[in-house]
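Thanks for coming. I will talk through one model this morning, and you can follow along on the screen.

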2 protein chains.
Amino acid sequence: MSQAFAPLKRNRLSDQVLTQIQERIASGELRSGDKLPPERELAESFGVSRGAVREALRSLERTGLVSLQAGAHGGAFIGQGDPGLIGDSFRNLYQLGSVSLDALTEARLWLETTITRIACARATDKDLAALTANVDEAERLLLSKRYEDKIDVHIEFHNLLARATHNAVMVMLMGALMDVMRDFAHAAGGERHDLTIKARRRFLAKLSARDADAAVAEMTEHLESLHVRYRDRMKERPQR
Amino acid sequence: MSQAFAPLKRNRLSDQVLTQIQERIASGELRSGDKLPPERELAESFGVSRGAVREALRSLERTGLVSLQAGAHGGAFIGQGDPGLIGDSFRNLYQLGSVSLDALTEARLWLETTITRIACARATDKDLAALTANVDEAERLLLSKRYEDKIDVHIEFHNLLARATHNAVMVMLMGALMDVMRDFAHAAGGERHDLTIKARRRFLAKLSARDADAAVAEMTEHLESLHVRYRDRMKERPQR
DNA sequence: GGATATTTATTGGTCCGACCAATGGAGTCA
DNA sequence: TGACTCCATTGGTCGGACCAATAAATATCC
């Protein structure tokens, strides 16, 4: 059958510079902490203008691949990546209408169910203490005016729970979804945080008892009611 | 208590331009498909040089927020985001040593378990047909020389399974993890694909019968053996 | 001598003004 | 009518200048 040819676009010099540096990172030739030559040198060895090099570096910086630093011993240093970019991606996809709120909350619920099960098996005393401390903090903030703070503490609970799986990727995935959720929460505002806190204390009891099914049931119920409430709120707002 | 002040760095003009455009997208003022003013105009209204504007646009382009297009009716168009960026983020995090192979495969296994359960409940005949067709294709390719092709077909199986959840976010998450897995597979090479195909046929039978527990068992066993094999292979290679 | 201020070299950040390259529409000619 | 040519618009590149941050080297002062 006839192959569908790729549209091919790669004519920009700055993209070629970008690609070449990326390849050196992928191949392991450039590693975290290494320093790239100065822009002027790069420009010369690539045979392009400094502007082209800068655009490439700007792209790399945006992806967390390099971080730029001015000054005498500055330069373009290979970074360590940025887990926050995953959340940014989702945020953008949502803002641009490529994913729906429903899909996000549904996925989050499934993810959190899994996380709860794993956390039940793996959570250390330290993890449980951190979760408890978080709920305590939330309770302290009940009377606070700044509801952004309150929301952030509640969001953090989910991230702490993910951390109890002791799996870095899971922490990142959950963190990414919660980043988007934070936007909603800030926009939607005013939850019944007192009820949430009570639910979380019950949840933590189940978790401490290593009763996975009961913990999942508690979590599911809470999240689903929250989802319904968000959905109602967002309906009243202009869709973008 | 004393607040820990943020380090603050935002002095670059190009970053301020970037931020302002991003905010207009976030606020919904700029939507998918809209066109930004020409670079020269932007530069004038921001009161900065064209170079600064270009660097900002380059950043936006990298994130899939805008796509640049030369020519008479060209310009910077607001895009729709790029789901592939999530996979890129993980790839970078791995390459730069911020996440381990173990964490990735473990998370993938958990994710795939969830996906299997959901797919069992939601997969349509069309989904099942697509999965079957994929395995057929894999069988046809058994004798092929190009092992990259064979691997890609095998990878695609997991993406198709994720699609059977009918949740776009889940598809993206799985797709992201599989992107990284593809790199490994290409590097590690030569699997016993004939065995994999047999396992998948058994798996599909369980899935068609809507027997979630059995399907999960089949999937888990296969993935775990795969994981062990990868790990052994990568040990022989220089770690980066 | 040692602490402090100053200079200086390096490197990213910005600007300007020019020209090239792609592209689609208007105008032209057969 | 239809194919061709020109041209205005807009991104892509260039180079060469200057500013700003930074740390090391140097000079200065007690």
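Look at A:Ser14: an N or O atom in the side chain of A:Ser14 is 3.4 Å from a phosphate oxygen of DNA strand D. Keep in mind that this is a predicted model, and every distance I quote is computed from that model.

A:Ser14 has company along this strand. The side chain of A:Arg12 also has an N or O atom by a phosphate oxygen of DNA strand D, at 2.8 Å. At A:Ser49 the partner is a polar backbone atom, which is 2.7 Å from a phosphate oxygen of DNA strand D. So far, then, we have two side chains and one backbone atom.

How many residues are around DNA strand D, and which come nearest? There are 24 of them, and the nearest are A:Arg12, A:Leu13, A:Ser49, A:Ala72 and B:Arg50. Notice that this list has residues from chain A and from chain B. By class, the surface near DNA strand D is made of 10 nonpolar, 7 polar and 7 charged residues.

Now the elements. In chain A, α1 (13–26) and α3 each supply at least two residues of the surface near DNA strand D. In chain B, α2 (39–46), α3, β1 (66–69) and β2 (75–78) each do so as well.

Which part of DNA strand D faces the protein, going by atoms within 4 Å? Sugar or phosphate accounts for 68% of those atoms, and bases for the rest.

On to the other strand. DNA strand C is surrounded by 24 residues, and the closest are A:Arg50, A:Arg54, B:Arg12, B:Leu13 and B:Ser49. The classes near DNA strand C are 10 nonpolar, 7 polar and 7 charged residues. Of the atoms of DNA strand C within 4 Å of the protein, 69% are in sugar or phosphate, and the rest are in bases.

Here chain B brings α1 (13–26) and α3 (50–62), while chain A brings α2 (39–46), α3, β1 (66–69) and β2 (75–78), each with at least two residues of the surface near DNA strand C.

Three polar contacts are worth pointing at on this strand. A backbone N or O atom of B:Leu13 is 2.3 Å from a phosphate oxygen of DNA strand C. For B:Ser49, a backbone N or O atom is 2.8 Å from a phosphate oxygen of DNA strand C. A:Arg40 goes to a base: a side-chain N or O atom of A:Arg40 is 3.0 Å from a base nitrogen of DNA strand C.

Next, the two protein chains. How is chain B related to chain A? A rotation of 180 degrees, with 0.0 Å of shift along its axis, puts chain B on chain A with an RMSD of 0.1 Å. That is the relation of a two-fold axis. Both copies use the same surface, as 100% of the contact residues of chain B recur in chain A.

The size of an interface is often given as the accessible area lost when the parts come together. For chain B and chain A, the buried area is about 4,900 Å², with carbon and sulfur atoms giving 57% of that area. B:Arg58, B:Arg62 and B:Leu96 supply 16% of the area that chain B buries against chain A, more than any other three residues. In terms of contacts, 57 residues of chain B touch 58 residues of chain A.

Two of those three residues come up again at A:Ser59, which sits in helix α3 (residues 50–62) of chain A. Leaving aside neighbours within four places in sequence, A:Ser59 is in contact with A:Leu18, B:Arg58 and B:Arg62. Is A:Ser59 buried or exposed? A:Ser59 is buried, because its relative accessible area is 1%, and the cut-off for buried is under 20%.

A:Glu39, in helix α2 of chain A, is buried too, at 16%. Not counting residues up to four places away in sequence, A:Glu39 touches A:Arg50, A:Val53, A:Arg54 and A:Leu57. A:Arg50 and A:Arg54 were both among the closest residues to DNA strand C.

Last, a backbone detail. Most residues other than glycine have a negative phi. A:His166 is not a glycine, yet its phi is positive, about 55 degrees. A:His166 lies in the loop between α7 (147–163) and α8 (168–188) of chain A, and is partly exposed at 47% relative accessibility. In chain B, B:His166 has a positive phi of about 60 degrees and is partly exposed at 45%.

Notes: Residues numbered from 1 in each chain as written. Chains lettered and ligands numbered in written order. Predicted model: local features only at pLDDT ≥ 70, side-chain atom pairs only at ≥ 80, totals over all residues. Heavy atoms only, no water. Helix = DSSP H or I, 4+ residues; strand = E, 2+ residues; numbered from the N terminus. Buried < 20%, exposed > 50% of the residue type's maximum accessible area, 1.4 Å probe, protein only. Contact = heavy atoms within 4.5 Å. Least-squares fit on C-alpha atoms with pLDDT ≥ 70 in both. Near = heavy atom within 4 Å. Polar contact = N/O pair within 3.5 Å; in protein donor to acceptor, adjacent residues only side chain to side chain. Nonpolar A, V, L, I, M, F, W, Y, C, P; charged D, E, K, R; others polar. Buried area = accessible area lost by both parts, 1.4 Å probe.
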